[in-house]
Amino acid sequence: MTNRNPDPALYAGDLFGEIYQAERQKAPVRVTISALFPGIATTLIVGFAALWLAQQYGFPAILAGLLLGLALHFLSEHPALGEGLDFVSRHFLRIGIVLLGLQVSLAQIAQVGWAAFAGLIAIMTAAFGAGLLGAKLAGQGRYAGTLAGGATAICGASAALALYGVIGQHRLDQARFTLTLVGVALASALALTLYPAIAATLNLSDNQAGYLIGSSIHDVAQAIGGGYAVSDAAGVQATVIKLARVALLAPIVALVALWLGQAGGNDKKSGPIWRRLSVPWFILGFLALVAFSSSIAVPPVVAEQGLELSKFLLLLAVTATAMRSRLAVLIEAGWRPFVPVFAATIASFAMALTITVTVID
């Protein structure tokens, strides 16, 4: 009698056994809520701890989440946590980026004005170029430069997460991605400390101070907070300028996707544009919410709660990503992965200051 369900171990030495085992490995694994729960619960605990530290000591929440996640990286070696940590790092960040669309409307972008908007493009271009140049000088490659320049130019960690979804792990390893996140968070925190003081020292007007801070600080909350640290009028200007930068997240990610090709494939640039322009679904969701907030007056409480939820989801995604990083690899990487971030930061501030004193009244 023939056995219809042979033990694959019986065929381990022949071609059928190799094919059988390969098919078994490629079979999709169904993830259950019970498998996700330990990793999600652990990330929530670490995320709330990061929020508490941020509130108690005035520390940037994203940076606190990164550092706590790196300190607890050994937890990811537990087999029960892997699925949940991966789920948080992938899906929570996408939802968080989509929710950022509630903060932006076309009317807000129109308030910036053509001259100021052209200045923003120049500032963001300088950040991208410096990121690529810094990566080349430090031997990090164009993908690291694209990630650092884009995160600096747009909106910090959330832009880095969005761009990494296009770049792909096969092009840029997770260790350098995590170090880029750390560098962006550190640079943004340093900018929040220095830029308002520099604006006051240079006797910039409220409009100029708001433009300088809104166009050069990476993180959304820190850019807005830095503006209000100068004055209420500067805070309003910084908010409008920063949201204009956030609005450019989708087109810039689309252009990066067109330049690099599909994140899941190779680097071939042949074929129709629509095949190479692999825009992630969460960028389309971001654009959809921008269109929604542009056509309908979103109640302030909804926009505010959406921003808070977006920030929390991005914090959890960053924390989970840090927990999945191997600390030994990060230590071995040394200082070189930070060069593109700080090169982009310096170039962004220098160009922003130039535009501020020559164009903005």
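Biologist: How many helices and how many strands does the protein have?
Modeller: The model is predicted, and local features need pLDDT of at least 70, side-chain atom pairs count only at pLDDT 80 or more, while totals for chains, interfaces and linings use all residues. Residues are numbered from 1 along each chain as its sequence is written, and side-chain values use heavy atoms, with hydrogens and water left out. Helices (H or I, at least four residues) and strands (E, at least two) are DSSP runs, numbered from the N terminus. On that basis the protein has 18 helices, and the number of strands is zero.

Biologist: What percentage of the residues in the protein are buried?
Modeller: A residue is buried under 20% relative accessible area, exposed over 50% and partly exposed in between (1.4 Å probe, protein chains only). The protein has 361 residues, and the buried share of them is 50%.

Biologist: Among contacts between residues at least 6 apart in sequence, what percentage join residues at least 24 apart?
Modeller: A contact means heavy atoms within 4.5 Å. One case with a long separation is Ile-360, which touches Gln-208, a residue 152 places from Ile-360 along the chain. For the protein, the share of these contacts that join residues at least 24 apart is 80%.

Biologist: How many of the residues of helix H8 are buried?
Modeller: Helix H8 covers residues 157–167 and is mostly covered. Its buried residues include Ala-157 at the start and Ile-167 at the end, with Leu-161, Leu-163 and Tyr-164 also among them. Of the 11 residues in H8, the number buried is 10.

Biologist: Which residue with a positive phi follows H8?
Modeller: Most residues other than glycine have a negative phi. The residue that follows H8 has a positive phi, near 95°, and is Gly-168.

Biologist: Where is Asn-203, the residue that has a positive phi although it is not a glycine?
Modeller: The phi of Asn-203 is about 55°. At 68% relative accessibility, Asn-203 counts as exposed. Its place is in the loop between H9 and H10.

Biologist: Which helices do the buried residues of H11 pack against?
Modeller: H11 spans residues 220–230, and Val-220, Gln-222, Ala-223, Ile-224, Gly-226 and Gly-227 in it are buried. These buried residues pack against helix H9 (174–201), helix H10 (206–216) and helix H12 (232–247).

Biologist: Which residues in H9 meet the residues of H3?
Modeller: From the side of H3, the residues in this meeting are Ile-62, Leu-63, Leu-66 and Leu-70. From the side of H9, they are Thr-178, Leu-181, Val-182, Ala-185 and Leu-186.

Biologist: How far apart in sequence are the parts that the pair of Phe-48 and Phe-312 ties together?
Modeller: Rings of Phe, Tyr and Trp (its six-membered ring) pair if their centres lie within 6.5 Å, and planes under 30 degrees apart count as stacked, over 60 as edge-to-face and the rest as tilted. A search of the whole structure finds five such aromatic pairs. The rings of Phe-48 and Phe-312 have centres 5.3 Å apart and planes at 35°, so this pair is tilted. Phe-48 is in helix H2 (residues 33–57) and Phe-312 is in helix H16 (residues 300–323), so the tie spans a sequence separation of 264 residues.

Biologist: Is Tyr-57, which forms an aromatic pair with Trp-52, buried or exposed?
Modeller: The pair of Trp-52 and Tyr-57 is edge-to-face, at 6.3 Å centre to centre and 80° between the planes. Trp-52 has a relative accessible area of 47% and is partly exposed. Tyr-57 has a relative accessible area of 63%, so it is exposed.

Biologist: What distance separates the C-alpha atoms of Phe-92 and Leu-316?
Modeller: Phe-92 is found in helix H4 (residues 82–99), and at 16% relative accessibility Phe-92 counts as buried. Leaving aside neighbours within four places in sequence, Phe-92 is in contact with Phe-87, Leu-313 and Leu-316. Phe-92 and Leu-316 are 224 residues apart along the chain, and their C-alpha atoms are separated by 7.2 Å.

Biologist: What distance separates the C-alpha atoms of Ile-45 and Leu-316?
Modeller: Ile-45 has its place in helix H2, and at 61% relative accessibility Ile-45 counts as exposed. Ile-45 and Leu-316 are 271 residues apart along the chain, and the separation of their C-alpha atoms is 9.6 Å.

Biologist: Is Ile-360 buried or exposed?
Modeller: Ile-360 lies in the segment after helix H18 (339–359). Not counting residues up to four places away in sequence, Ile-360 touches Ala-116, Asn-207, Gln-208, Tyr-211 and Ile-355. Its relative accessibility is 9%, so Ile-360 counts as buried.
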